[in-house]
Structure formats: structure tokens, C-alpha cells
Amino acid sequence: MPRTHITTVINGDETEFLTEDGTSLLNALRDEVGLTGAKEGCGTGDCGACSILVDDRVTCSCLMFAPEADGTTILTVEGLADSGDLHPLQQCFLEGAALQCGICTPGFLMAAKALLDKNPDPTETEIRYALAGNLCRCTGYDKIIRAVQEAALEMRGK
Amino acid sequence: MKYVAPSSVEEATSLLSASPSAQVFAGATDVVPQLRAGRPAPELLVDLKKIEELVSLKSDDNKWTVGAATPTAYLTEDEAFSHEFPGLSEAAGLIGSDQIQNRSSLGGNLCNASPAADSVPAMVVNGVRAVVAGPSGTRVLDVSEVVTGPGQTSLDDDEFIVEFEIDNMPARSGDAYLRMIPRTEMDIAVVGAGARVTLADDGSIEQAALALAAVAPTVIRIPDAEDALVGTTADDATLDAVAAAASEACDPIDDKRGTVAYRKQVAGVLAKRAVLIAIERAEQRNGTN
């Protein structure tokens with residue numbers, strides 16, 4: 001099977017990789033680029049564990065064919081921290097114990113980042129709707145919502 | 001599967017004509033789950049999002065034109081569009097999560113041909129037209145003519161929808177869409193109801209359109225309910241007739257989301273409520289806004 005050459009910017013770095021056309025972007029990120037932060041939960045766009053930002057919009061990388069990424073700018077959870085300093089969302093998830101097993105966490109972080117990028121002061125209801133595409137079987141969601149509220153507060157203070 | 005992203009409508013139609021086993025897609029939010037569920041893989045995946053007309057949202061003095069592959073998030077984020085067509089904007093905004101909204105499109109929601117597609121009743125009541133491209137040029141279909149049954153459309157294999165045309169909302173008119181699901185977000189309609197009304201100067205209903213989703217093999221119009229509304233001010237007796245006509249027109253399935261009897265009853269309730277919201281919006285759109 002011939003492989004297609006893809007050029008993207010991932011987490012700030014120009015990145016090239018080869019992929020088979022029918023491969024999901026999620027699998028290409030994990031297996032070709034070596035970024036294993038995004039997880040596969042359902043593979044059908046229901047659980048949000050594979051959420052990444054593509055051209056600043058949150059999307060399920062399991063629903064994208066890898067060749068669609070050509071020419072795009074991608075942010076994965078690996079690009080969230082700034083030179084070793086955790087992003088306020090990551091710090092607040094950590095301090096607020098907003099995770100247990102952690103499989104869903106990269107997806108929640110990226111969906112929350114997309115929300116706070118466009119709405120720095122969301123209500124609890126807005127946070128719950130914005131995270132409706134992310135499933136968590138451990139936390140009961142409450143600590144996640146509170147961590148996002150805490151991070152939003154901190155980010156507005158800067 | 002080979003992936004291609006044509007940059008023009010002509011390039012796309014010639015690719016489709018040359019490849020009998022090709023699948024066009026926009027956001028792939030239905031295509032990928034279907035492939036993973038075991039649907040035979042096409043030889044060719046034709047990504048329509050690199051064609052300029054297919055990802056655009058614009059208006060002129062007479063109409064809105066929405067590219068068939070335009071992410072539904074663009075519609076809900078556009079204040080002018082959402083102000084003029086709140087029902088259609090809300091229906092489009094109910095399709096899945098934010099992750100899905102950034103990929104899902106009116107063209108995909110229509111051509112996936114699910115009886116439960118949220119945007120379709122709202123498009124039907126607004127008289128939306130689909131501009132369909134094929135090897136011999138384009139043709140224009142009413143949206144209600146596109147879906148012929150679950151998973152089936154009237155488009156040929158080498159045709160696809162380029163864009164939708166939506167005539168400007170007239171004065172004293174409004175639309176609405178309501179959906180019943182067993183939870184708050186992220187589910188498929190048990191019943192969906194789209195309504196649009198235009199009011200006469202005396203406040204009575206001059207024109208009415210009502211369409212239901214998830215209660216028949218395709219989205220259905222309810223002419224008996226529409227006739228019952230015209231000339232009235234939607235008093236209680238008229239609304240009871242609307243609900244009865246809506247329930248009567250349903251031919252739903254039993255499944256885990258709802259029984260036949262439940263769907264019929266909910267169809268009547270949602271039809272009434274959607275009509276009332278459309279009337280309220282029509283009263284606010286008095287020609288100066």
C-alpha cells in the first residue's frame with residue numbers, strides 16, 4: 001500500500017509523516033508521530049478521549065483521516081505545557097484530583113482549552129455543555145468541572 | 001482506501017464518475033463509524049472540504065447560501081444567520097458534541113439519510129433548496145426530495161450537494177426546532193419537530209409548515225396540521241388539532257429510545273410547542289429586524 005506524505009505543524013513544530021490513506025489521524029499521531037497522549041476510547045466520536053485541536057477547533061482525531069491533516073496546525077495534549085510548566089488546566093486537574101484512571105484526561109484538557117480560548121469566563125452550565133462530548137467513567141465529572149472553573153479563574157487573573 | 005481532496009466541483013464529479021466505488025464525505029462523523037461497524041470500504045474517499053463553495057456561508061439581498069460541507073459550528077456561531085433562522089441554527093447545533101459540531105455539516109446530515117437527522121425538519125419547513133452537482137451540470141432539488149428512505153437518497157452515485165439556498169426569512173415569520181432525547185445532550189432524536197409560521201397583519205397565521213423527524217422512514221410534513229393552523233391564532237382547540245394530526249401522521253419504530261405509542265404522543269406535544277415558539281418569534285420579527 002503506497003503511503004502518503006503529510007506536512008503539518010504539531011505543537012508548534014513543523015512535522016512530516018507518512019501514512020496510509022485510510023488511517024485515522026489518531027492512529028497516525030500515535031504510531032507515526034509518536035504522540036500517544038490522545039487516546040482511543042470508542043473510535044466513533046462518542047467519547048472524546050482522542051480530542052485534539054485542529055486549526056484551533058476541537059475535534060475527534062479518530063474521525064479524521066490522516067491525509068486530512070495535511071497543511072493544518074494541530075495541538076495535542078503534549079503541546080499544552082509551556083517548556084515544562086504545566087498549563088493552568090493541567091495544574092488544576094492535578095491539584096483538584098480531576099482524574100482517576102486518566103484515559104479521558106487528555107481529551108477533557110483539549111476540550112476545556114477550546115472552551116476557555118473562546119469563552120474565558122464560562123458558567124458551570126456552559127462548561128458542562130462544552131464537555132458533553134467527553135466521557136469519564138471514574139470521577140462523576142464534578143471535580144473536572146471544578147478544575148476547569150479554577151483554571152478559568154486563574155487564567156483570567158493573569 | 002485512497003484519499004483524494006478535489007479542489008473544484010468538476011474535478012469531484014469526474015472522480016466520482018470514474019470510480020464506481022467512491023464515497024464522498026465532509027466531516028466523516030457518520031462515514032467513519034459506519035466503516036468501523038463493518039460497511040464495505042470504498043476504493044476512493046473523496047473529501048469535499050477543499051472545494052471552496054462547499055465550505056462557505058454567505059448572504060445577499062434575497063437568500064443565504066450555505067456550503068454543503070460547512071461545519072455546523074459555523075452556522076451556530078454566525079449571529080446574523082442564527083438571528084434570522086433560530087430554529088435551523090438550533091437544529092444544526094444539536095448534532096453531537098463540540099467535537100462533532102466542528103466537522104458535521106448540513107450536507108452530511110441530510111445525505112446520511114437518517115430518519116432522525118436534526119437539521120432536516122428545520123430545513124424542510126424553511127423550504128431549503130439543495131444545489132446538486134453531477135457529471136452533466138447542476139440541478140436544484142427541494143430538500144424534502146433528497147431522502148427517499150433510511151440510508152437512501154435520490155442522488156445518483158456520481159452526484160453530491162454543493163450548497164443549500166435559503167430564501168431570506170420574510171417579515172412576521174419565525175422558525176423553531178425541538179428535539180426529545182432521554183438525556184440532556186449527545187443522543188439521537190426520539191422525536192424532532194420543526195415549525196415555521198408567517199403571520200398576517202391581524203396576527204392570524206397566514207402560512208404554516210410543520211415537519212417531524214424520527215417518527216417515519218423519512219422526515220415527514222404534516223399537511224393536516226398546517227391546514228388546521230392557517231387562518232387561526234393557534235388557540236387551544238387548534239393546537240389540539242395540530243397535536244392530533246402530528247400523532248396520526250407518525251409511522252414510527254419501537255426501539256430502545258422509545259415505543260411507537262410514546263413517539264406518537266411526544267410528536268403531538270413537540271409539534272404544538274414548536275408551533276408556539278415559531279409564532280412567538282414571528283411576532284418579534286415585525287419587518288424592522
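Q: In this predicted model, which elements of chain B do the buried residues of helix 10 pack against?
A: The model is predicted. In helix 10 of chain B, the buried residues include B:Leu239, B:Val242 and B:Ala246. The buried residues of this helix pack against strand 13 (205–213), strand 14 (220–221), helix 9 (223–229) and helix 11 (260–284) of chain B.

Q: How far apart are the end C-alpha atoms of helix 10 of chain B?
A: Helix 10 of chain B covers residues 236–249, which is 14 residues. At 1.5 Å a residue, the helix should span 20 Å. The model agrees with this expectation, because the end C-alpha atoms are 20 Å apart.

Q: How far apart do the C-alpha centres of domain 1 and domain 2 of chain B lie?
A: The domain assignment splits chain B into domain 1 (2–167) and domain 2 (173–284). Their C-alpha centres lie 24 Å apart.

Q: Which elements give two or more residues to the side of domain 1 of chain B that touches domain 2 of chain B?
A: In this contact, 24 residues of domain 1 of chain B meet 25 residues of domain 2 of chain B. On the domain 1 side, the elements that give two or more residues are helix 5 (86–93), helix 8 (119–125) and strand 8 (147–149) of chain B.

Q: How many residues of that side of domain 1 of chain B are nonpolar, polar and charged?
A: The side in question belongs to domain 1 of chain B and touches domain 2 of chain B. Its residues divide into 15 nonpolar, seven polar and two charged.

Q: Which elements of chain B each supply at least two residues to the side that touches chain A?
A: The contact between the chains takes 20 residues from chain B and 23 residues from chain A. On the chain B side, nine residues are nonpolar, five polar and six charged. At least two residues each come from strand 1 (2–4), helix 2 (31–36), strand 3 (44–47) and helix 6 (98–101) of chain B.

Q: Which strands stand at the edges of the open sheet of chain A?
A: The sheet has five strands in the order 2-1-5-3-4, with mixed pairing. An edge strand has a single partner strand, so one side of it is left without a neighbour in the sheet. In chain A these are strand 2 (13–19) and strand 4 (57–60).

Q: Which residue of strand 4 of chain A does A:Leu53 stand opposite?
A: Strand 3 (residues 51–54) and strand 4 of chain A pair in the antiparallel sense over four bridges. Opposite A:Leu53, in strand 4 of chain A, stands A:Val58.

Q: At about what angle does helix 1 of chain A run to strand 2 of chain A?
A: Helix 1 of chain A consists of residues 25–33. This helix lies across strand 1 (4–10) and strand 2 of chain A. Its angle to strand 2 of chain A is about 100°.

Q: Which element gives the largest share of the side of domain 1 of chain A that touches domain 2 of chain A?
A: Chain A is divided into domain 1 (4–79) and domain 2 (88–157). Their contact takes 15 residues from domain 1 and 13 residues from domain 2 of chain A. Strand 3 and strand 4 of chain A are the elements that give two or more residues to the domain 1 side. The largest share, three residues, comes from strand 3 of chain A.

Key:
Residues are numbered from 1 along each chain as its sequence is written. Chains are lettered from A and ligands numbered from 1 in the order in which they are written. This is a predicted model: local features need pLDDT of at least 70, side-chain atom pairs count only at pLDDT 80 or more; totals for chains, interfaces and linings use all residues. The expected span of a helix is 1.5 Å times one less than its number of residues. A residue is buried if 20 or more other C-beta atoms lie within 10 Å of its own, exposed if 12 or fewer, and partly exposed in between; C-beta atoms are placed from the backbone. Two residues are in contact if their C-beta atoms, placed from the backbone, lie within 7 Å. Domain bounds come from an automatic or database domain assignment. Ala, Val, Leu, Ile, Met, Phe, Trp, Tyr, Cys and Pro count as nonpolar, Asp, Glu, Lys and Arg as charged, and the others, Gly among them, as polar. Two strands pair if DSSP finds at least two bridges between them. Axes are lines fitted to C-alpha atoms, for helices over the stretch in contact, and angles run from 0 to 180 degrees between N-to-C directions.
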